[in-house]
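Student: I want to test the labels on this model against their cut-offs. Please show me the structure.

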Amino acid sequence: FTCLEQDTLYKDFHESLQKTMVLREGSEITNIVLSDVNGTQISLESLRGKVVLVDFWASWCRPCRMEIPNFKSMYDAYHQAGFEIYSVSVDNDVMAWKRALEQEKMPWPNVRDDKKVYSTMFNVASIPFTILIDKEGKIVAKGLRGPDLSDAISKALSK
């Protein structure tokens, strides 16, 4: 390796490590502030006191769309107990995002990260990507789906 290659590898390694540390379980999640379909800014911090599933998704992502009915079931089962979902779309096409919202009828906050600020900050390499946070805003788990997610929500709500 030349010095330049070593510097680049070193820099890339540290950038990757920093992004990993941002999502370390037990650490407090960075606040997200993005606009919903009506242009109203919704902050993740506004949901403090609830167990929140942060869901990065896109209208064109088939696995993301297939996960929505599961999220609706969990939302119905746990919402009254203090569970909320905060969906973050990474759609570039605002109209495709709006159509998906019309079709899916998700009853929770939906915002769009059109500049990819938060998806980059959280090192979202593939979607769907989920982060479960507790009532204090600390990261409980990430990447969970199905029964594992349901169990983690139930456990976080009982604390």
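What follows is a short exchange on salt bridges, burial, the core and a cavity.

Tutor: This is a predicted model, where local features need pLDDT of at least 70, side-chain atom pairs count only at pLDDT 80 or more, and totals for chains, interfaces and linings use all residues. Residues are numbered from 1 along each chain as its sequence is written, and side-chain values use heavy atoms, with hydrogens and water left out.

Student: What makes glutamate 104 and arginine 65 a salt bridge?

Tutor: The term needs a side-chain nitrogen of Lys or Arg within 4 Å of a carboxyl oxygen of Asp or Glu. Here the N to O value is 2.6 Å, so the pair qualifies. Glutamate 104 lies in helix α3 and arginine 65 in helix α2, so the pair ties together parts 39 residues apart in sequence. Helices here are DSSP runs (H or I, at least four residues), strands likewise (E, at least two), numbered from the N terminus.

Student: Why is arginine 112 called buried?

Tutor: Buried means under 20% relative accessible area, exposed over 50%, partly exposed in between (1.4 Å probe, protein chains only). Arginine 112 has 15%, so the label is buried. Its salt-bridge partner, aspartate 114, has 36% and is therefore partly exposed. The closest N and O atoms of arginine 112 and aspartate 114 are 3.8 Å apart.

Student: How do you know that arginine 48 and glutamate 28 pair up?

Tutor: Their closest N and O atoms are 3.1 Å apart, so the salt-bridge rule is met. Arginine 48 sits in the loop between β2 (41-43) and β3, glutamate 28 in the loop between α1 (3-22) and β1 (33-35). Arginine 48, at 38%, is partly exposed. Glutamate 28, at 45%, is partly exposed. Glu45 joins Glu28 and Arg48 in a network of salt bridges.

Student: What makes the largest nonpolar core a core?

Tutor: A nonpolar core is a set of buried Ala, Val, Leu, Ile, Met, Phe, Trp, Tyr and Cys residues joined through side-chain atoms within 4.5 Å. The largest has 45 residues. Phe56 and Ile131 are among those with the most contacts inside it.

Student: Why is the empty space lined by Leu44 and Arg48 called a cavity?

Tutor: On a 1 Å grid over the protein atoms alone, a cavity is a set of points where a 1.4 Å probe fits but cannot get out. The structure holds one of 30 Å³ or more. The volume of the largest is about 90 Å³, counted as the space filled by probe spheres set on the points, which are joined across faces, edges and corners. Its lining has 14 residues, each with an atom within 4 Å of a point.

Notes: 1 Å grid on protein atoms, 1.4 Å probe; cavity = no way out; pocket = protein on both sides within 12 Å on 5 of 7 lines; lining within 4 Å.
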